[in-house]
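Q: Please take one part of this model and look at it closely. Then work outward from that part and describe what surrounds it, in plain terms for someone who has not seen the structure before.

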Amino acid sequence: MTYLRNAWYMAAWSDELGDQPLVRTVLEMPLLLYRKQETRDVVAFLDRCPHRFAPLSLGRRIGDDFQCGYHGLRFNSEGQCVYNHFAKAIPSAAKLRTFPVIEQDHMVWVWTGTGAPASREAIPRFPFHTDPALRCVFGTTLTRADYRLISDNLMDLTHTAFLHPEFGGEHYVPKCRAWEEHGSIYADHLIASMPDIFGSSGSITETDRMRWTAPSTHLLESHVTMLDESRFSFTIPSAHVLTPESQTATHYFWSSAVDRDSPLSNEDLVAGLRRAFDVQDKPMIEAVQQRMQGHELWDLSPVMLPPDAGSVLVRRALQKLIDAEAAATA
Amino acid sequence: MTYLRNAWYMAAWSDELGDQPLVRTVLEMPLLLYRKQETRDVVAFLDRCPHRFAPLSLGRRIGDDFQCGYHGLRFNSEGQCVYNHFAKAIPSAAKLRTFPVIEQDHMVWVWTGTGAPASREAIPRFPFHTDPALRCVFGTTLTRADYRLISDNLMDLTHTAFLHPEFGGEHYVPKCRAWEEHGSIYADHLIASMPDIFGSSGSITETDRMRWTAPSTHLLESHVTMLDESRFSFTIPSAHVLTPESQTATHYFWSSAVDRDSPLSNEDLVAGLRRAFDVQDKPMIEAVQQRMQGHELWDLSPVMLPPDAGSVLVRRALQKLIDAEAAATA
Amino acid sequence: MTYLRNAWYMAAWSDELGDQPLVRTVLEMPLLLYRKQETRDVVAFLDRCPHRFAPLSLGRRIGDDFQCGYHGLRFNSEGQCVYNHFAKAIPSAAKLRTFPVIEQDHMVWVWTGTGAPASREAIPRFPFHTDPALRCVFGTTLTRADYRLISDNLMDLTHTAFLHPEFGGEHYVPKCRAWEEHGSIYADHLIASMPDIFGSSGSITETDRMRWTAPSTHLLESHVTMLDESRFSFTIPSAHVLTPESQTATHYFWSSAVDRDSPLSNEDLVAGLRRAFDVQDKPMIEAVQQRMQGHELWDLSPVMLPPDAGSVLVRRALQKLIDAEAAATA
């Protein structure tokens with residue numbers, strides 16, 4: 001098994017959930033996500049009627065309830081059947097599987113395990129998503145690859161030198177180090193000097209710190225300092241959250257924030273990030289998925305380089321959690 | 001195994017077989033069906049030359065024989081090789097697998113088993129297909145779903161309330177009962193009163209009796225009585241015959257008859273039925289197939305409601321026959 | 001297993017390899033093929049970086065080296081890593097799998113086994129490809145079928161009577177004989193008399209000798225003599241070389257030569273051969289592949305005819321080699 005089940009996974013950005021319900025498959029389970037009318041709380045349940053397995057999403061929303069479009073069972077936001085068009089008796093077993101939801105930092109998380117969910121503290125925080133001093137943009141990319149290949153990509157940013165000319169290109173030659181700390185994996189990328197990628201004719205020094213938290217959340221903080229007398233410095237935070245749709249497809253949720261009064265427009269910021277993730281990273285990662293022809297990474301005996309240290313720590317930590325979960329279930 | 005092999009399956013409507021041969025896959029076997037020139041009898045054989053396995057349908061019809069388009073072996077309507085372009089000797093083993101055929105009631109049935117076929121009496125009759133007092137229309141829908149999911153749909157017509165507004169919609173609230181009788185499964189749907197769906201401003205009472213016969217034939221008789229002083233009543237018979245193409249695709253043959261002098265044109269009748277079966281039922285059943293993700297129905301622990309009784313009896317009766325066949329073969 | 005691994009397979013025509021590298025999958029291994037700038041020698045390596053398994057073909061050619069487009073490892077034409085953008089140390093394990101290459105007779109052959117390659121003498125010669133007295137044309141057809149089905153097609157040319165009217169059609173009624181000689185399988189097709197297919201109103205006698213050499217090379221020599229007082233005779237040589245892309249897809253490399261001063265233009269010659277191989281043979285062979293539904297030929301108990309003798313000898317000889325290889329590996 002390549003998934004951790006007892007975990008919080010990001011299912012959507014908050015603003016993806018408006019009046020229309022959203023169907024999104026997480027760990028091979030099709031979820032129907034929607035907001036309650038009064039409280040605006042997010043509800044997540046399995047998009048499959050327990051009667052004849054029709055998608056509830058093909059049915060009809062009635063207030064905060066959903067009515068199946070096949071034989072009409074109606075379910076409330078707790079997943080309990082509340083109406084049967086053909087009988088007064090409502091079968092007590094008619095219950096939708098619902099998923100615990102936590103919404104914070106503009107993100108909607110669902111608990112995919114079967115037992116009691118871990119507490120809210122298990123979810124990494126992204127305060128910059130809602131910081132009024134910043135402007136933050138958000139995106140979602142469906143990548144046809146094992147989510148661990150995308151994590152590999154994120155934990156080793158040296159690929160910037162070859163895939164992302166806008167982020168420094170060949171000048172992106174960092175010293176790398178990686179370590180584990182309180183259950184997270186950190187990967188630092190230290191660039192002593194490279195041309196300023198933010199527009200000036202000078203040079204910058206940059207430290208990119210990627211922090212992974214199980215099962216597949218990545219927080220990147222890019223610290224940049226101008227190498228002139230100003231020593232002006234700033235930090236760009238960004239989220240890179242991976243939710244497996246299946247063994248071979250992943251929802252990649254990304255964000256990035258700039259100062260509220262940055263001259264960069266949101267449109268240009270999104271366009272640049274889309275180019276990086278959709279046009280530059282995604283085809284490469286999907287090509288790797290193809291080239292691996294269904295094999296596990298280690299079975300192909302990859303040659304590991306120093307900058308791979310972070311991703312190796314992540315893969316080990318993740319596998320340890322998956323194995324522990326399997327052992328606990330057995 | 002999800003098929004009964006020793007059974008008569010409907011392969012085509014009689015009028016689908018004109019001068020052109022028809023290839024139709026039944027239980028994963030590609031059949032070539034055609035009419036003999038003189039007798040107009042239907043011939044069915046495996047569309048696969050026993051020599052090098054080319055489709056005979058890519059060859060050439062010569063009288064009632066078919067000549068393979070690859071190396072030219074020619075077979076008569078009994079499947080016996082009668083010509084080899086390169087030698088006078090004809091290999092006695094060169095024999096096409098032929099299938100017993102019965103044509104009656106505008107329907108062509110083939111026996112897919114390997115032993116002697118069951119007698120003609122095993123095939124349910126549909127005399128309304130050829131009743132000169134009636135006008136009957138016929139259609140075929142290829143549905144990308146397990147044939148048993150379509151049978152489930154047919155044995156419980158309460159889905160009419162949500163999928164078929166033209167047949168009563170939410171007013172279709174029947175009392176249901178189901179029972180076995182002489183090897184058939186019956187499912188009655190009794191509607192005490194609903195608005196007349198045939199055009200008047202009054203109300204009707206309707207009894208829809210669905211009768212299943214193994215392996216997958218359904219006869220529906222809809223008895224309608226006007227709830228006015230006229231007490232005018234009539235019966236609409238219809239056939240719903242399912243032939244698996246594969247585990248996940250089904251030929252759904254449907255018919256319906258009205259009085260010869262009904263004001264409803266054949267075109268309008270067919271359009272209405274196509275809407276019901278192609279536009280309303282088919283996408284829902286295919287969505288169920290997808291949502292079941294390859295699992296067997298019972299493995300997903302469906303919540304059963306009273307109107308499911310008919311389909312449950314059908315699934316049990318069918319499984320009993322399949323198990324008995326497997327036991328007899330083993 | 002349906003492949004012989006320790007063998008020379010044709011990967012390309014010489015003129016398919018110009019300045020641009022070519023990716024071609026052979027025995028399920030994606031190969032990157034290119035010519036060195038100075039020597040014009042052909043290099044073949046696995047199109048998969050040993051680091052993170054990105055396709056080298058998505059990277060950049062630098063002289064005779066290839067640089068991975070993901071993290072920038074650079075490999076020379078021996079497959080050795082010669083540059084790492086992020087460190088002076090080059091990991092000695094970073095080595096591309098390279099494949100021995102022999103280029104002769106306008107053909108590029110690769111050794112797909114893991115041990116030392118067989119000597120050049122193991123590769124059949126096609127001197128007519130480069131004979132200055134002849135004009136030769138070359139083509140490649142990707143056929144979605146097991147390569148052994150195409151070999152079956154080639155070893156029994158009686159299919160000409162039904163698939164290739166331009167090559168004689170129904171008049172192509174040969175006496176066939178097949179035999180093994182020095183590890184090759186020969187299949188002779190002797191036509192005593194048929195109408196001249198080369199344009200005159202007279203008749204010809206033709207002997208088509210197909211010679212198979214392991215793993216899947218076919219040389220056809222068609223000897224034609226005019227049946228008039230001139231007794232004018234000539235020979236048309238052609239190559240039919242099959243390289244499996246996978247179990248169900250095959251690169252079919254074909255050639256044919258005419259006298260340098262033949263009135264037939266190269267364009268017309270190619271058009272005729274494309275019609276034969278792409279329009280006539282390919283759909284039939286692909287249909288056979290479909291009709292066999294994943295079964296092995298012998299499991300379907302084919303009826304064998306005398307002209308099948310050649311293909312049966314080929315299948316036996318090939319299976320013997322495959323079995324011997326499996327035994328040696330075990």
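**A loop residue in chain C, and outward from there**

A: Gln293(C) counts as exposed, because it has 12 C-beta neighbours inside 10 Å and a residue with 12 or fewer is classed that way. This is a predicted model, and each value below is computed from it. Gln293(C) sits in the loop between H3 and helix H4 (309–329) of chain C. Its backbone has a positive phi of about 45°, although Gln293(C) is not a glycine.

The helix on one side of that loop, H3 of chain C, also takes part in a contact between chains. In that contact, 18 residues of chain C meet 20 residues of chain B. Two elements of chain C, helix H2 (160–163) and helix H3 (266–291), give two or more residues each to the side that touches chain B. H3(C) gives the most, with 4 residues. By class, this side of chain C divides into 14 nonpolar, 2 polar and 2 charged residues.

The placing of the chains comes next. Chain C can be laid on chain B by a turn of 120° and a shift of 0.0 Å along the axis, with an RMSD of 0.0 Å. In chain C, the C-alpha nearest this axis belongs to Gly294(C), 12 Å from it. Chain A can likewise be laid on chain B, by a turn of 120° and a shift of 0.1 Å along the axis, with an RMSD of 0.0 Å. That is the relation of a three-fold axis. In chain A, the C-alpha nearest the axis is that of Gly294(A), at 12 Å. Chains A and B are in contact through 19 residues of chain A and 17 residues of chain B. The side of chain A that touches chain B has 12 nonpolar, 5 polar and 2 charged residues.

The loop of Gln293(C) leads to H4 of chain C; a closer description is available for H4 in chain B. H4(B), residues 309–329, has 21 residues and reaches 30 Å from its first C-alpha to its last, close to the 30 Å expected at 1.5 Å a residue. Gly310(B), Ser311(B), Val314(B) and Leu318(B) are buried in this helix. They are on the same side of H4(B), because they cover an arc of only 95° around the axis. On the other side of H4(B), Arg316(B), Lys320(B), Asp323(B), Ala324(B) and Ala327(B) are exposed. The buried residues of H4(B) pack against helix H1 (147–155), strand S12 (175–181), strand S13 (184–195) and strand S14 (203–213) of chain B.

H1 can be followed in chain A. There, 9 of the 9 residues of helix H1 (residues 147–155) are buried, so this helix is largely enclosed by the rest of the structure. Charged side chains are included: Arg148(A) and Asp152(A) are among the buried residues.

Back in chain C, the loop between strand S14 (203–213) and S15 holds Pro215(C). A cis peptide bond joins Ala214(C) and Pro215(C), with omega about 0°. In chain A, Ala214(A) and Pro215(A) are joined by a cis peptide bond as well, with omega about 0°, and Pro215(A) is found in the loop between strand S14 (203–213) and strand S15 (217–226) of that chain.

Strand S15 (residues 217–226) of chain C contains Ser222(C). Ser222(C) has 18 other C-beta atoms within 10 Å and is therefore partly exposed. Leaving aside neighbours within four places in sequence, Ser222(C) is in contact with Glu206(C), Asp208(C), Thr235(C) and Ile236(C). Of these, Glu206(C) is 16 residues away in sequence and 6.8 Å away in space, C-alpha to C-alpha.

A positive phi also occurs in chain B, at Arg231(B), where phi is about 50° although the residue is not a glycine. Arg231(B) lies in the loop between strand S15 (217–226) and strand S16 (233–246) of chain B. With 9 C-beta neighbours inside 10 Å, Arg231(B) counts as exposed. Gln293(C), the starting point, is likewise a loop residue that counts as exposed.

Note on methods. Residues numbered from 1 in each chain as written. Chains lettered and ligands numbered in written order. Predicted model: local features only at pLDDT ≥ 70, side-chain atom pairs only at ≥ 80, totals over all residues. Contact = placed C-beta atoms within 7 Å. Least-squares fit on C-alpha atoms with pLDDT ≥ 70 in both. Expected span 1.5 Å × (residues − 1). Buried ≥ 20, exposed ≤ 12 C-beta atoms within 10 Å, placed from the backbone. Arc of directions from axis to C-beta.
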